[in-house]
Amino acid sequence: MTFGQLAGLIAAIAFLILVIFACILLNQLSKTMKETNKSITTLTRDVHYLSQEMEDVLSNTNTLLDDINHKSEQLDPAVKAVADVSQSVSEVNASLQETVEKARLHREKRQFDRSIFKFAGKTLVLDAFNKFRQHRKQKKGMTNNE
């Protein structure tokens, strides 16, 4: 074998090895592409189902929101009535406090008036008693002087 034939044989073996590795690589790449296609198909199908489920969820959410809004509108008069009752209770409470304060002041005035009458009564009784004693003293003095 000559040098040229040996070089050609080495080049042919190298090319054969290159072709074998290229075949192995292409085979692996083909398997990877098949798995990728399967994954994309599965993903597309799942996204489609998820999309349908999301539409159902959004539809139900909108229905619930409309129902809540409707019930909220129905509750508005009740809430207003409770607020009105609360205001009325506050007014009654204020009126009751005012009445209690008036009653307390009236009671204090009555007690003051009673104490004045008691004092005046005691003063009158003492004054009458003193006059009576003076009158008796004068009478005794007249009886003793006569």
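Tutor: A salt bridge is a side-chain nitrogen of Lys or Arg within 4 Å of a carboxyl oxygen of Asp or Glu. Keep in mind that this model is predicted.

Student: How many salt bridges does this rule give?

Tutor: The count comes to 6 salt bridges.

Student: What makes Asp-67 and Lys-71 a salt bridge?

Tutor: Their closest N and O atoms are 3.2 Å apart. The cut-off is within 4 Å, so the pair qualifies.

Student: Where do Asp-67 and Lys-71 lie?

Tutor: Both are in helix α1, 4 residues apart, about one turn of the helix.

Student: Why is Lys-102 called exposed?

Tutor: Its relative accessible area is 53%. Exposed means over 50%, so Lys-102 earns the word.

Student: Lys-102 forms a salt bridge with Glu-98. Is Glu-98 exposed, partly exposed or buried?

Tutor: Glu-98 has 48% relative accessibility. Partly exposed lies between 20% and 50%, so Glu-98 counts as partly exposed.

Student: How do you know that Lys-102 and Glu-98 are separated by about one helical turn?

Tutor: They are 4 residues apart in helix α1. The closest N and O atoms of this pair are 3.5 Å apart.

Student: What about Asp-127 and Lys-131?

Tutor: Their side chains meet in a salt bridge, at 4.0 Å from N to O. Asp-127 is partly exposed at 37%. Lys-131 is at 54%, and the mark for exposed is over 50%, so Lys-131 is exposed.

Student: Which residues are linked in a network of salt bridges?

Tutor: Glu-101, Arg-104 and Glu-108 are.

Definitions and conventions: Residues numbered from 1 in each chain as written. Predicted model: local features only at pLDDT ≥ 70, side-chain atom pairs only at ≥ 80, totals over all residues. Heavy atoms only, no water. Helix = DSSP H or I, 4+ residues; strand = E, 2+ residues; numbered from the N terminus. Buried < 20%, exposed > 50% of the residue type's maximum accessible area, 1.4 Å probe, protein only.
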